[in-house]
Amino acid sequence: MERAEIDAVVIGAGVIGLACARRLALAGIDTLILEAADEIGTGISARNSEVIHAGIYYPTGSLKAQLCVAGRKLLYDYCVVHGVPAKRVGKLVVATGATQIPALQALMAQAEANGVDDLRPLDAAEAKAMEPELACVAAFHSPGTGIVDAHGLMLSLLGEAEDHGASLARQSPVARGHIEDDGRITLEIGGASPMLLTSRIVVNAAGLGAQAIARGLQGYPAEMVPPLYYAKGNYFMLSGRSPFRHLIYPMPEAAGLGVHLTLDLGGGARF
């Protein structure tokens, strides 16, 4: 089996893997992106609402809260510089009954503690003035929430990575690997041209397959592999143009954000 060496390997050509590959390439590190599928972004990155979140829901002080608030600004700036379609459409988080108002106020306070500094509370009349088709008793407005062309973003990240020397290998699944005595990692790559690839940097961004890859890496501590939690969502498109100009979110539920309405860049709505 052919053997090769490279400075860095990124496993997975979704939005996370491509962003990591771009950063490595910009730093002058010779980088190879391994993608098991035929094309980039066909896994988890193709199954999201394309919402640029403000940082409202995450526990205060958590990495998610910190990185969402900082990353939102960086993402908007990136989209402007690189011509990736994105729009700050804003979001209304609504209470549909009086019993939800205290939780709505607590959620807004938590968001502000996370550094989301542009929220505005709304009574029912103010919310209806913004969205005449909306029925609620109270809400708050998040103008920093937006939407982005996820595939366009991934194409931009890949293009910039390749412009700085990175390469993409499609149909190149990682079967297993092991950690060498000197700390480098050797991966066994499947596909039409199987090979062994050794690298000093490996980024495991394989989405739902990341845990399996980590467990298949001989010498990697099993206790460092986090559990895999599945969560399934369904999308329903609304025929015709959306009756709303903003994203509409109910109060969160125990298992998620509830049935919410998002917009696409063409003006369509989906639940």
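A salt bridge is a side-chain nitrogen of Lys or Arg within 4 Å of a carboxyl oxygen of Asp or Glu. In this predicted model, arginine 270 and glutamate 50 form such a pair through their side chains, at 3.3 Å from N to O. The briefing also covers an open sheet of 3 strands and the packing of helix 1 with helix 5.

**Salt bridges**
- The structure contains 7 salt bridges.
- The bridge between arginine 270 and glutamate 50 joins distant parts of the chain, its two residues lying 220 residues apart.
- Arginine 270 belongs to strand 17 (residues 269–270), whereas glutamate 50 sits in the loop between strand 2 (31–34) and strand 3.

**Open sheet**
- The 3 strands follow the order 3-8-4 and pair in antiparallel fashion.
- Strand 3 (51–52) and strand 4 (86–87) are the edge strands; each has a single partner strand, so one side of each lacks a neighbour in the sheet.
- Strand 3 pairs with strand 8 (residues 146–148) in the antiparallel sense over 2 bridges.
- Valine 51 has isoleucine 147 of strand 8 as its bridge partner.

**Helix packing**
- Helix 1 (residues 15–26) packs against helix 5 (residues 150–163) at an angle of about 25 degrees, and their axes are 8 Å apart.
- Angles under 35 degrees count as roughly parallel, and helix 1 and helix 5 are therefore roughly parallel to each other.
- The crossing of helix 1 with helix 5 is left-handed.
- Residues of helix 1 in this contact include Val15, Leu18, Arg22 and Leu26, while those of helix 5 include Leu153, Met154, Leu157 and Glu160.
- By class, the contact of helix 1 with helix 5 comprises 11 nonpolar, no polar and 2 charged residues.

Technical notes. Residues numbered from 1 in each chain as written. Predicted model: local features only at pLDDT ≥ 70, side-chain atom pairs only at ≥ 80, totals over all residues. Heavy atoms only, no water. Pairing = 2+ DSSP bridges. Helix = DSSP H or I, 4+ residues; strand = E, 2+ residues; numbered from the N terminus. Axes fitted to C-alpha atoms, helices over the stretch in contact; angles between N-to-C directions. Parallel < 35°, antiparallel > 145°, perpendicular 65-115°, else oblique. Left-handed = near helix turned anticlockwise from the far one by under 90°. Contact = heavy atoms within 4.5 Å. Nonpolar A, V, L, I, M, F, W, Y, C, P; charged D, E, K, R; others polar.
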